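Biologist: I am new to this structure and would like to know how each label is earned. Could we go through it slowly, setting values against definitions?

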Amino acid sequence: MFDVQKIREDFPILSREVYGKPLVYLDNAATTQKPLCVLDAMRDEYLNVNANVHRGVHYLSQQATDLHEAAREKVRSFINARKIEEIVFTRGTTEAINLVAASFCESQMKAGDEVLVTEMEHHSNIVSWQLQAQRRGIVVKHLPITDDGRLVCCDSIATYITERTRLVSVAHVSNVLGTINPVPDIIKIAHQHGIPVLVDGAQSAPHMAIDVQAMDCDFFAFSGHKMYGPTGIGVLYGKEEWLEKLPPYQGGGEMIDKVTWEKTTFERLPFKFEAGTPDYVATHGLATAIDYMNSVGLDNIKNHEEELTRYCMEQLQAIDGMHIYGPTTTPAASPADKDAVVSFNVGAIHHLDMGTLLDRLGIAVRTGHHCAQPLMDRLGISGTVRASFAMYNTKEEVDALVAGIRRVSQMF
């Protein structure tokens, strides 16, 4: 049984007050809170198992290495990758995308070649490619979206693919609109043209079961801190055949086989992409967070968050001047279309004013362009207020948000 009150007991921060009001934390798309088990696991490793991983012959190093590599296997299982060699630890989704952009462009693209993204991408999946465009002369193209925040008809995606297209890079879920993109269909079409696909899973991995083999993506990136794990740790999944083709992203320790003044040879997968000392305590924290999510049940989490999202949109639509951005903005919202994000504006109230005043009521939301300025330009706005949900949120918190919005609206 899914018991949200029992779950909330595992997150002590949710019981604190802000400005004398109970905290209502609705900024989960930016980062989630961490359960005690994750904090305890990391504290225990620092206290009892702290030693640098790999190559050490002493007991602590071997024990820390075992925990670190067990975390890799935990991640492999979580996303159903074929091999642990396909799991590369990074600092987060941003670094994972930058890794692919740098290594892929260096070895697989030349001036004039194209990468295809979408109009709803996070800056991480735009700027990374623009940097390569400046350095290597590649071209960044984007798939347009409809007025209600969906991609153009999936079948028409093929019309945007040219003989110079070398990679498609797409968000699984929009961090602003909550749009769940039809990535299996996109991947199928891209593969029919011999083009690999990178999926930004930062906003999907915390909310739904991920199966990279069934999806058939070539790369998949996500972050630990958005799924109840620590900051500073993320994952790049890459099909083995692609990771073998790509050159290292960074140089240094850990990723080498042999170094001479004349030549360096590199470690086997996945280590050739993991230069320097990894955050082995954070990987253990991430593994613990995955265990926690599995113990609650991914389907339970998904169902609870879908219910909250539908309930929130139903309540918000009754507010005068409310404008919700993204797909399925009706009470009949389809779970297949929208994830646990609701972005909105109310009348002429500036999103920053709304967010600031909600904060004084103890309600934590995100305001601004959400690192998606091209999307804001497409929508014709400067920013939105964004409420985003996690497994520990409740309908009572949605009610508090709605009451807060009404109160702020009355002030204006």
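**Cores, rings and sheet**

Modeller: The largest nonpolar core has 73 residues, and those with the most contacts inside it are Ile 79, Phe 220, Leu 375, Met 391 and Tyr 392. This is a predicted model, in which local features need pLDDT of at least 70 and side-chain atom pairs count only at pLDDT 80 or more, whereas totals for chains, interfaces and linings use all residues. Residues are numbered from 1 along each chain as its sequence is written, and side-chain values use heavy atoms, with hydrogens and water left out.

Biologist: What makes a set of residues a nonpolar core?

Modeller: The set must consist of buried Ala, Val, Leu, Ile, Met, Phe, Trp, Tyr and Cys residues joined through side-chain atoms within 4.5 Å. Helix H9 (residues 280-296) gives the most to the largest core, with 10 residues, and a second, separate core of 28 residues includes Tyr 311, Val 342, Leu 401 and Val 408.

Biologist: Why is Tyr 228 called buried, and what is Tyr 19 called?

Modeller: Buried means under 20% relative accessible area, exposed means over 50%, and partly exposed lies in between (1.4 Å probe, protein chains only). Tyr 228 has 1% relative accessibility and therefore counts as buried, while Tyr 19, with a relative accessible area of 45%, is partly exposed. Tyr 228 has a positive phi of about 75 degrees although it is not a glycine, and phi of Tyr 19 is near 55 degrees, also positive in a residue other than glycine.

Biologist: How do you know that the pair of Phe 104 and Trp 242 is tilted?

Modeller: Rings of Phe, Tyr and Trp (its six-membered ring) pair if their centres lie within 6.5 Å, and planes under 30 degrees apart count as stacked, over 60 as edge-to-face and the rest as tilted. Phe 104 and Trp 242 are 5.4 Å apart centre to centre, with 45 degrees between the planes, and so form a tilted pair. Phe 104 lies in helix H4 (residues 93-108) and Trp 242 in helix H8 (residues 240-245), so the pair ties together parts that are 138 residues apart in sequence. Phe 220 and Phe 222 form another tilted pair, at 6.0 Å and 55 degrees, and ring pairs also link Phe 11, Tyr 228, Tyr 292 and Tyr 392 into a cluster.

Biologist: Why is the charged end of Arg 360 said to sit over the ring of Tyr 19?

Modeller: A charge sits over a ring if NZ of Lys or CZ of Arg is within 6 Å of the ring centre and within 35 degrees of the ring normal. The charged end of Arg 360 is 3.9 Å from the centre of the Tyr 19 ring, and Lys 395 lies over the face of Tyr 311, at 5.1 Å from the ring centre.

Biologist: What makes E4 and E6 the edges of the open sheet?

Modeller: Strands (E, at least two residues) and helices (H or I, at least four) are DSSP runs, numbered from the N terminus, and two strands pair if DSSP finds at least two bridges between them. The 7 strands run in the order E4-E10-E9-E8-E7-E5-E6, with mixed pairing. Strand E4 (87-90) and strand E6 (139-143) each have a single partner strand, so one side of each is left without a neighbour in the sheet.

Biologist: How do you know that strands E5 and E7 pair?

Modeller: Strand E5 (residues 114-118) and strand E7 (residues 165-171) share 3 bridges in the parallel sense, which satisfies the requirement of at least two. Val 115 has Leu 167 as its bridge partner in E7.
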